Amino acid sequence: QVQLVESGGGLVQAGGSLRLSCAASGRTFSIYAMGWFRQAPGKERESVAAINWSDGYTYNADSVEGRFTLSRDNAKNTVDLQMNGLKPEDTAVYYCTAARRPLYGSQLYAPGNYDYWGQGTQVTVSS
């Protein structure tokens with residue numbers, strides 16, 4: 001089993017920044033991809049950014065391209081999401097996730113391809 005713990009959410013004004021962090025523990029050797037999803041009230045869960053562990057291939061959703069940056073620390077088994085230029089529409093619960101197999105291309109943004117999920121952290125952007 002793998003446990004994922006997110007931190008760093010909160011309330012910020014539009015245009016501000018937040019940094020989310022996800023720490024993986026347990027059988028971390030079984031992780032091949034990690035990512036961040038978000039879910040706003042009344043909406044489906046959507047992919048924000050993800051990374052394939054083996055080759056570092058990174059996916060970013062169009063809605064966050066140029067504003068959010070995903071980074072990883074293999075030694076610490078952490079994945080961070082730096083969020084700049086936040087907008088009210090970024091308000092959501094953000095979930096860290098991990099997969100037990102390599103994911104490529106469109107596989108990275110399909111939630112059904114992930115095996116482990118964190119408890120979520122709330123991000124609220126005020127206008």
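In which sense do β1 and strand β3 pair, and over how many bridges? In this predicted model, β1 and β3 (residues 18-26) are paired in the antiparallel sense, and six bridges connect them. Within this pairing, leucine 4 faces alanine 24 of β3.

**The four-stranded sheet**

The two strands belong to an open sheet of four strands, arranged in the order β1-β3-β8-β7 with antiparallel pairing. Its edges are formed by β1 (2-7) and β7 (68-73); each has a single partner strand, so one side of each is left without a neighbour in the sheet. From one strand to the next, the twist averages 15°. Strands of a sheet pair through backbone hydrogen bonds, in either a parallel or an antiparallel manner.

At the β7 edge, the partner is strand β8 (residues 78-83), and the antiparallel pairing again runs over six bridges. Serine 71 has aspartate 80 in β8 as its bridge partner. β7 and β8 form a hairpin with four residues between them, and asparagine 77 in the turn has a positive phi of about 55°.

The two pairings described above are set out here.

| Strand pair | Sense | Bridges | Residues opposite each other |
|---|---|---|---|
| β1 and β3 | antiparallel | six | leucine 4 and alanine 24 |
| β7 and β8 | antiparallel | six | serine 71 and aspartate 80 |

**The disulfide**

The structure contains one disulfide. This bond links cysteine 22 to cysteine 96, with an S to S distance of 2.0 Å. Cysteine 22 lies in strand β3 and cysteine 96 in strand β9 (residues 92-99), so the pair ties together parts that are 74 residues apart in sequence. The torsion about the S-S bond is about -80°, and the disulfide is therefore left-handed. Both cysteine 22 and cysteine 96 are buried.

**The nonpolar core**

In soluble globular proteins, nonpolar side chains tend to be buried together. Here, the largest nonpolar core has 38 residues, and those with the most contacts inside it are Leu4, Met34, Trp36, Leu81, Met83 and Tyr94. At least two residues of this core are supplied by each of β1, β3, β4 (33-39), β5 (46-52), β7, β8, β9 and β11 (121-126). The largest share, five residues, comes from β9.

Which residues does methionine 34 touch, residues up to four places away in sequence not being counted? Its contacts include both cysteines of the disulfide, Cys22 and Cys96. Methionine 34 also touches Leu4, Ala24, Ala50, Ile51, Trp53, Val79, Thr97, Ala98 and Tyr114. Leu4 and Ala24, among these contacts, are the residues that stand opposite each other in the pairing of β1 with β3.

Terms used. Residues numbered from 1 in each chain as written. Predicted model: local features only at pLDDT ≥ 70, side-chain atom pairs only at ≥ 80, totals over all residues. Heavy atoms only, no water. Pairing = 2+ DSSP bridges. Axes fitted to C-alpha atoms, helices over the stretch in contact; angles between N-to-C directions. Disulfide = S-S within 2.5 Å. Buried < 20%, exposed > 50% of the residue type's maximum accessible area, 1.4 Å probe, protein only. Core = buried A, V, L, I, M, F, W, Y, C linked by side-chain atoms within 4.5 Å. Contact = heavy atoms within 4.5 Å.
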